[in-house]
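The report below describes the overall build of one chain and the sheet of another. Please keep the structure open while reading.

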Amino acid sequence: MRILAVESSAVTASAAILTDDIMTAEYTINYKKTHSQTLLPMIAEIFKMTDTKPDDIDVIAVSVGPGSFTGLRIGVATGKGMALALGKKMAAVPTLDAMAYNLYGTDKLICSVMDARRQHLYNNIYYFDEENSLHKLRQQSLSSYEELTAELNELGKEVIFIGDGVSAAGRFFEEKLTCRYEFAPAHITTQRAASVAFLAKKQAERGELVDAAAVKPDYLRPSQAERELAEKQEAETDA
Amino acid sequence: MEKQEDVLILAIESSCDETAAAVVKNGRVVLSNIINSQIDIHTLYGGVVPEIASRKHIENINPVIELALKDAGVTLDDITAVAVTYGPGLVGALLVGVAEAKAIAFAKNKPLVGVHHIEGHICANYIEHPDLEPPFAALVVSGGHTHLVMVNDYGEYEIVGRTRDDAAGEAFDKVARAVGLGYPGGPKIDRLAKEGNPHAVEFPRAHVEDSPYDFSFSGIKSAVLNYINQCEMKKEQLNKTDLVASFQNAVVDALVSRAMMLVRERNIDKLAIAGGVASNSALRSAIQSACEQNGIKYYSPSPGLCTDNAAMIGSAGYYEYIKGVRHGYDLNAVPNLKLGERV
């Protein structure tokens, strides 16, 4: 089975090809150019370098969020377009889960954090069991710095943070966390399409692949207009 | 003579609040034209919400494209090239169509052609008028654009006049909101104005100094809003029907007079209208009778091809394709893409 995975949920753009158990290619850049300019040329490049033809791909995996709304849509539309053209199934991989997989096998808690602006983080908390299966402690969520810090202090276990949320909230964590913690080093802290591909393989094995038409980003945050309308309706019901 | 092979364009459009795909043969024959409109959702908010539009595009795009192929009775293997709107428009909305189109072009190894949305609107005229060929003058009027254009050749556009402030359609929406008609304002004003007296109130026809072809609609809009205020202050009953008829008449007059000036001065015998506001019945009949009086051949798309659709992108894409325009996999959305500009 050959999986093409794309990841564009934040600043990092990444594309990977997983052929059975071999990571045939991975191309990751963390640069200011927009995903619209980088992602497909990167995919084209790894195909060329590895003599892969689009028809050789069996599954198209995308990192579906949370993350940058526009970034997610570029990755998801790229995946959906390829799946439509090739008539292939897709894997919709939660971004935070894929990030946690970068820390495969650790005995510490893993906290994936993505900067959601306004002093908030998209986050989830994970651990690997004795068989090195990844488990989440709860559902992914959008939390304020305070909320997440309080939750981790309550758990009181050593935690490794992964993701760009560290650049945003790192100082806050340093001041407020009472548990032992560490920030993952640069070579594993960014989103990687290889991790997305690996989780997609697990989904395929469990029969969880989906039709391309049904794939959409998991934003975890309604649009501003929807939030404002909901608030207005709430105020009207209260009145 | 050997028959040239047909060129089939798969066209994708997602610049605002319609997710659309079409298959067009040789730039003129529409094999399918699928439009998924989000208007009901945006009506809740009194206008298009960009983030919601983008979210709906990504949900709707695959079924829309699949239906366009199915309706046309073709597969992607039959398609010659993929055309997509890459500007102007809402950047987040454009990016969905652009990313999708690029991925399809890559996966099927088809040429990719980026298309200017407004050029698409103008090309909507080619679909129903086989005799229309450049050069001709075009008046493009929509919610976001008001342009007076010379189409000198296929794919060659010269902007002669443009709005200095609001687009004509924007003025319609604002006036409709002010008199409580709601969104979208154009069709609602068009309907109500049919029963009103277009000369009940004489609103100013703004002229832009030194630019006789340019438009300005914020002055007319402000005059309408002032008129409403004055009625309220004087506690007079506002005759909404006459008011919107007079407003519409002022806008139509400004549009038609400049279009006629252009065809006269450039000695052009063909005028086409395009864009969402081109489906306005008062504009259509005013421009038609002005053309008849002046011996100008008048062209307009049927109302269904005036609003955003992908068939028009397929037509424009065809003419770009045969001119040799090809875009790379790094094609980006250009929200402020200028008419006639090539990026």
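The text takes chain A as a whole, and then the sheet of chain B with the helices that lie across it.

This is a predicted model, in which local features need pLDDT of at least 70 and side-chain atom pairs count only at pLDDT 80 or more, while totals for chains, interfaces and linings use all residues. Residues are numbered from 1 along each chain as its sequence is written, and chains are lettered from A in the order in which they are written.

Chain A holds eight helices and eleven strands, where helices (H or I, at least four residues) and strands (E, at least two) are DSSP runs numbered from the N terminus. Its radius of gyration, 18 Å, is close to the 18 Å that the globule rule gives for 239 residues, so chain A is as compact as a globular protein of that length; the radius is taken over C-alpha atoms, and the rule is 2.2 Å times the number of residues to the power 0.38.

In chain B, an open sheet of five strands follows the order β3-β2-β1-β4-β5 with mixed pairing, two strands being paired if DSSP finds at least two bridges between them. The edge strands, β3 (29-37) and β5 (112-116) of chain B, each pair on one side only. Strand β2 (residues 18-25) of chain B pairs with β3(B) in the antiparallel sense over eight bridges, and B:Val23 has B:Ser32 in β3(B) as its bridge partner.

Two helices lie across strands of chain B, as tabulated here; angles run from 0 to 180 degrees between N-to-C directions, with axes fitted to C-alpha atoms, for helices over the stretch in contact (C-beta atoms, placed from the backbone, within 7 Å).

| Helix of chain B | Lies across (chain B) | Angle |
|---|---|---|
| α2 (residues 50-72) | β1 (8-13), β2 and β3 | about 25° to β2(B) |
| α3 (residues 91-107) | β1, β4 (81-87) and β5 | about 160° to β4(B) |

Notes. Two residues are in contact if their C-beta atoms, placed from the backbone, lie within 7 Å.
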